[in-house]
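Please look at the sequence and the three-dimensional structure shown here, and keep both in view while you read. The report takes up one region at a time.

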Amino acid sequence: MIEISSLRKVYPNGFEALKKIDLQIEEGDLVCLLGPSGCGKTTILNLIAGLLDPTEGDIKNDGESLVTKHPKDRNMSLVFQNYALYPHMTVLENVMFPLRVGKNKMSKEDAQKIAYEYMELTSITELADKKPDSMSGGQQQRVAITRALVQQPKILLLDEPLSNLDARLRLRIREEIRRLVKKIGITTIFVTHDQEEAMSISDKIVLMNDGVIQQYDEAQNLYLEPKNLFVASFIGNPGMNMIPVEYKDNNLHFEGLSIDTNKLDQSRFKEALEEGTYIIGIRPENISYDPNSSFVCDVDLIELMGKEAIVSFKLGNQHMKSLVSIEESIQENESYGFSMDLERLFIFKEDGTRVY
């Protein structure tokens with residue numbers, strides 16, 4: 001188990017990249033560090049790897065502190081987004097290299113035997129005699145991952161390893177990574193800014209913003225039960241609709257839209273509402289086309305997405321989105337009725353705290 005406690009990192013220029021992070025990663029889990037640029041996810045990875053020293057706090061693996069250990073003694077491998085393969089070496093030589101250096105270096109025969117075992121595992125044996133410049137990006141990434149795994153580390157660290165690949169290849173490689181690391185049973189930490197990538201590959205996601213963990217949870221829970229406004233707005237594509245409302249006389253009001261809070265599930269309220277301004281959130285799939293609804297809006301844009309379409313419309317001055325079947329006869333610049341599933345409504349304070 002990896003245990004991170006009160007981890008803080010302040011750079012020499014005064015920038016506080018991490019603000020006392022606490023995190024536990026179970027052995028064998030594949031955990032994604034997710035968030036916008038500058039949120040601190042790569043800083044955490046580099047601190048675990050030993051490429052950076054923490055300002056405060058500790059990182060333990062199986063109860064043993066890592067912060068005073070040299071990177072080479074931490075029993076982990078790091079795969080970068082640029083692959084970092086040796087261009088003058090063949091694939092076999094690249095994979096064998098970690099086994100042929102250092103105080104525990106193996107004989108060429110033993111190293112080659114182990115290298116071929118892992119190359120077979122990652123399906124690159126046919127590339128053994130090729131050099132990096134003759135291979136595709138996806139093939140090079142497989143080689144980089146194989147070279148990392150051949151060292152038999154306890155922890156595998158992946159720093160945006162798929163960012164240089166095209167969309168279709170990214171999909172295939174991330175599926176391969178998931179199958180591979182779960183088959184081996186290796187604890188894996190995967191840094192990405194792509195929420196779809198994180199949600200599809202991970203056991204759990206660490207969602208970060210501004211050096212703080214916003215939510216550490218399974219992907220489904222980040223989507224269905226966001227802890228705050230940032231999580232709700234970051235997770236989901238298309239994003240959650242956010243509407244500023246006034247709460248008064250047990251109703252949420254916004255330009256003709258009124259929601260009676262007595263009709264909401266009272267068990268979901270985390271605290272009582274006081275009169276004032278709030279933000280309600282509802283996902284596009286929870287706003288349905290409803291020709292019988294009195295909630296009528298002007299459609300200004302339709303974007304096709306396979307079997308569904310993103311329908312954009314305006315509620316007062318607020319832009320909203322709904323997901324509807326492409327079989328519905330909805331046209332741009334026309335008015336249509338919509339209905340909201342109030343059971344999937346969220347309510348946030350202006351500071352981002354979730355209250356419902």
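The sections below describe an annotated domain, two pockets, several strands and a few unusual backbone positions.

## The model and its annotated domain

The structure is a predicted model, and the values given here are computed from that model. According to UniProt, in an unreviewed entry, residues 2–235 carry the feature "domain: ABC transporter". Within residues 2–235 the chain is 34% helix and 25% strand, while the C-alpha atoms at the two ends of this stretch lie 25 Å apart.

## A sheet of four strands

Near the beginning of the sequence you can look for an open sheet made of four strands, which follow one another in the order β2-β1-β4-β5 with antiparallel pairing. The edges of this sheet are β2, at residues 16–25, and β5, at residues 64–65, each of which pairs on one side only. Strand β1, which covers residues 2–10, is joined to β2 by six bridges in the antiparallel sense, and one position to find in the picture is I2, whose bridge partner in β2 is I25.

## The largest pocket

The largest pocket has a volume of about 1,100 Å³. Its lining contains 33 residues, and those closest to the centre of the pocket are K72, M76, S77, P98 and Q151. Two elements give two or more residues to this lining, namely β6, at residues 76–79, and α4, at residues 137–149. The largest share comes from β6, which supplies four residues. When the lining of the largest pocket is sorted by class, it has 21 nonpolar residues, together with six polar and six charged ones.

## The second largest pocket

The second largest pocket has a volume of about 180 Å³. Among the residues that line this pocket are L121, T122, S123, R142, I145 and K183. The elements that contribute two or more residues to the lining of the second largest pocket are α4 and α5, the latter covering residues 167–184. Of the elements, α5 gives the most, with six residues. By class, the lining of the second largest pocket divides into five nonpolar, two polar and four charged residues.

## Strands after the annotated domain

Further along the chain, strand β12, at residues 251–254, pairs with β13 in the antiparallel sense over four bridges, and H253 stands opposite S258 in β13. These two strands, β12 and β13, form a hairpin with two residues between them, and E255, which sits in the turn, has a positive phi of about 40°. Strand β13, at residues 257–260, shows two faces: L257 and I259 belong to the covered face, whereas S258 and D260 belong to the uncovered one.

Strand β14, at residues 276–282, is mostly covered, and five of its seven residues are buried. Seven bridges join β14 to β11, and the two strands run antiparallel; P244, for example, has I279 in β14 as its bridge partner. Strand β14 also pairs with strand β20, at residues 346–348, in the antiparallel sense over three bridges, where I280 stands opposite I347 in β20.

## Unusual backbone positions

Most residues other than glycine have a negative phi, and most peptide bonds are trans. With that background in mind, a few positions deserve a careful look.

Where in the chain does D62 lie? D62 is in the loop between β4, at residues 56–61, and β5, and it has a positive phi of about 55° although it is not a glycine. D62 is partly exposed, with a relative accessible area of 43%. N333 also has a positive phi, of about 65°, although it is not a glycine, and N333 is found in the loop between β18, at residues 318–325, and β19, at residues 335–340. Is N333 buried or exposed? With a relative accessible area of 65%, N333 is exposed, because a residue is called exposed when this value is over 50%.

The remaining position concerns a peptide bond. N237 and P238 are joined by a cis peptide bond, with an omega of about 0°, and P238 lies in the loop between α8, at residues 229–234, and β11, at residues 241–248.

Technical notes:
Residues numbered from 1 in each chain as written. Predicted model: local features only at pLDDT ≥ 70, side-chain atom pairs only at ≥ 80, totals over all residues. Heavy atoms only, no water. UniProt positions renumbered as here; feature names shortened; annotations may be inferred. 1 Å grid on protein atoms, 1.4 Å probe; cavity = no way out; pocket = protein on both sides within 12 Å on 5 of 7 lines; lining within 4 Å. Points joined across faces, edges and corners; volume = space filled by probe spheres on them. Nonpolar A, V, L, I, M, F, W, Y, C, P; charged D, E, K, R; others polar. Pairing = 2+ DSSP bridges. Buried < 20%, exposed > 50% of the residue type's maximum accessible area, 1.4 Å probe, protein only.
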